[in-house]
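Thanks for coming. I have a few minutes on side-chain interactions, and then we can discuss.

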Amino acid sequence: MPDGQTDRALIEGAENETSLSAFERSVRTGLSAQPKTLEPKYFYDDAGSALFEQITDLPEYYLTRAETEILSTRASEMAGIIGPDAELVELGSGASVKTRLLLSALADPGAYIPIDISADHMEAAAKTLRALHPGLAVRPVAADFSLPLALPNPMTSGRRVLFFPGSTIGNLEPDEARIFLERMRHETRSDMLIIGVDLRKERHVLEAAYDDADRVTAAFNLNLLVRINRELGGEFEIDAFKHEARYNDTAGRVEMHLVSLSDQTVAIGSFDADFKAGESIHSENSYKYTLDGFQALAREGGWKSRDVWTDSRQRFSVHLMVPA
């Protein structure tokens, strides 16, 4: 092919790649890999966010109840450490239920900045918090906090406290978690970090938490394929895949998979993904830590432990950390 045609083809290819959304680029990259993967941050469209709220109420899903127990009994202790006129920055705010416990305990909180990838879900939660705390400045930020994050300058004289509940840190590979914690320390300019971390426990408890009897978690996982169909022109037959949750004891993590039930090829716009029967899409990891193990990881990310609390059954932990 003449050089001019080669150059033009390369330019057109680059333009086509640039025109893809971040979601589509992620899907193409993940489904071209071996093993196939999808990024868990794309669970949280409006349908996925609503399904996750249902998951938090399931009897098998102990995490929310355990963390809520800690915050219900220890929020006043946390507030005493934080002090007055604090600015609370929450990552992945969701419905902000746990935030209400902490905000209600704080002495005259000055501001609340919820950050979430689902703008509609976050705005609804922000509206509720404005009603509950009329004097509180609520400044929602619709953003993907896995990407570089720019926050407004602090608007209070108190401490800026980064709040990261829900054990979302467990969705990251340990090296990624360390880098993420280091990045949050610099990008948010926070004086403190309050973070929820799930603890290691029996296999049957962990697998049931991610594969409930009512199949709500299965619907949450399969909604990734529904979203690809809706937003990217995918042709996934949802019934041709099944949800699986597996505890990997060696790695210390629960893995979620979408398993193909047959040999099949799925078109996603101009892209085709081939599957063998039994082949899976690895859609999420949820790492479980020991208390010492997480504190060591956090130190590598530039944070040191100030206090740590667990629920009455030692299932979950909440750490209060300060920059090292």
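Start with Arg 306 and Asp 307, which form a salt bridge with the closest N and O atoms 2.3 Å apart. This is a predicted model, so that distance comes from predicted coordinates. Which of the two partners is buried, and which is partly exposed? Asp 307 is the buried one, with a relative accessible area of 19%. The cut-off for buried is under 20%, so Asp 307 at 19% falls on the buried side of that cut-off. Arg 306 has 45% relative accessibility and counts as partly exposed.

How many salt bridges does a search of the whole structure find? The search gives 21. As background, side chains of opposite charge can pair when their charged atoms come close.

I will show two others from that set. Arg 215 and Asp 211 meet through their side chains in a salt bridge, at 2.7 Å from N to O. Here Arg 215 is partly exposed, at a relative accessible area of 40%, and Asp 211 is partly exposed as well, at 29%. Next, Arg 230 and Glu 231 are joined by a side-chain salt bridge, with 3.3 Å from N to O. Glu 231 is partly exposed, with a relative accessible area of 40%.

Back to Arg 306 and Asp 307 for a moment: their N and O atoms are 2.3 Å apart at the closest. Elsewhere, salt bridges with shared partners link Asp 45, Arg 227, Arg 230 and Glu 231 into one network.

Arg 227 has another partner to look at. It lies over the face of Phe 23, at 4.6 Å from the ring centre. There is also a lysine case: the charged end of Lys 36 sits over the ring of Phe 275, 5.1 Å from the centre of that ring.

Now the aromatics. The count comes to 15 aromatic pairs. One of them is Tyr 44 with Phe 52, edge-to-face, with 5.9 Å between centres and 80° between the planes. Both residues are partly exposed, Tyr 44 at 25% relative accessibility and Phe 52 at 23%. A second edge-to-face pair is Tyr 289 with Phe 294, at 5.6 Å centre to centre and 70° between the planes. In that pair Tyr 289 is buried, with a relative accessible area of 9%, and Phe 294 is buried at 0%.

Tyr 44 and Phe 52 also belong to one aromatic cluster, together with Phe 43, Tyr 61, Tyr 210 and Phe 220.

Where does His 319 sit? Its place is in strand β14, residues 316-323. His 319 counts as buried, at 0% relative accessibility. Its side chain makes a polar contact of 3.0 Å with the side chain of Ser 317. Setting aside neighbours within four places in sequence, the contacts of His 319 include Phe 294 and Asp 307, residues we have already met. Others among them are Leu 193, Ile 194, Ile 195, Val 197, Leu 291, Gln 295 and Val 308.

Last, confidence. The protein chain has an average pLDDT of 91, and 93% of the residues score at least 70. Over residues 1-17, though, the pLDDT is below 50, and beyond near neighbours in sequence this stretch has two contacts in the model. Where pLDDT is low, the predicted coordinates should not be read in detail.

That is the set. Comments are welcome.

How values were computed
Residues numbered from 1 in each chain as written. Heavy atoms only, no water. Salt bridge = Lys/Arg side-chain N within 4 Å of Asp/Glu carboxyl O. Buried < 20%, exposed > 50% of the residue type's maximum accessible area, 1.4 Å probe, protein only. pLDDT = per-residue confidence, 0-100. Contact = heavy atoms within 4.5 Å. Phe/Tyr/Trp six-rings, centres within 6.5 Å; stacked < 30°, edge-to-face > 60°. Lys NZ or Arg CZ within 6 Å of the ring centre and 35° of its normal. Helix = DSSP H or I, 4+ residues; strand = E, 2+ residues; numbered from the N terminus. Polar contact = N/O pair within 3.5 Å; in protein donor to acceptor, adjacent residues only side chain to side chain.
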